[in-house]
Amino acid sequence: MGQERVVLVTGGLGDIGKAIALRFAQGGYFVVLHDLAEAESAEQRIATWGIAREQWLYERVDSRDRAEIKQSFDALESLNRLPTLAIVNAGVVAPVPFLEMTPEQWSLHLDRSEEHTSELQSPCN
């Protein structure tokens, strides 16, 4: 039997995170979801998505916090579920329509995405 395919989706509770999780679950991946919501409410929400409970794991992880990311990866490694793929979806959401974002809001969004990607890569190295 081959190694289990595991995908990590940051920003996993939003609409895009949900769509990503559903697609990978349909493809046979075990899905690890990171977001900022408390575990109980997050797990209740994910349970309504139609993904079998044994096919996903939610962890409250702030993707800006290197220590939290490392702790998550250590826990996943101990479960033999270290992600083989990471989808960096977490970001700063401005409460304005996309095309109306100011240059400052757009820069903050891009800066956070770049910072997040860098932090996520570190535990893998």
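**View 1. Phe98 at the surface of the predicted model.** In this predicted model, local features require pLDDT of at least 70 and side-chain atom pairs pLDDT 80 or more, while totals for chains, interfaces and linings use all residues. Residues are numbered from 1 along each chain as its sequence is written, and side-chain values use heavy atoms, without hydrogens and water. Phe98 is exposed, with a relative accessible area of 57% (exposed means over 50%, buried under 20%, partly exposed in between; 1.4 Å probe, protein chains only). Phe98 belongs to the loop between strand S4 (85–87) and helix H4 (103–121) (helices, H or I, of at least four residues and strands, E, of at least two are DSSP runs, numbered from the N terminus).

**View 2. Strand S2 and its enclosure.** Six of the six residues of S2 (residues 30–35) are buried, so this strand is largely enclosed by the rest of the structure. In a regular strand the side chains alternate between the two faces of the sheet. Phe30, Val32 and His34 point one way from S2, and Val31, Leu33 and Asp35 the other way.

**View 3. The strands paired with S2.** Strand S1 (residues 6–10) runs parallel to S2 and is joined to S2 by five bridges (pairing requires at least two DSSP bridges between two strands). Thr10 stands opposite His34 in S2. S2 also pairs with strand S3 (residues 56–60) in the parallel sense, over five bridges. Here Asp35 lies opposite Arg60 in S3.
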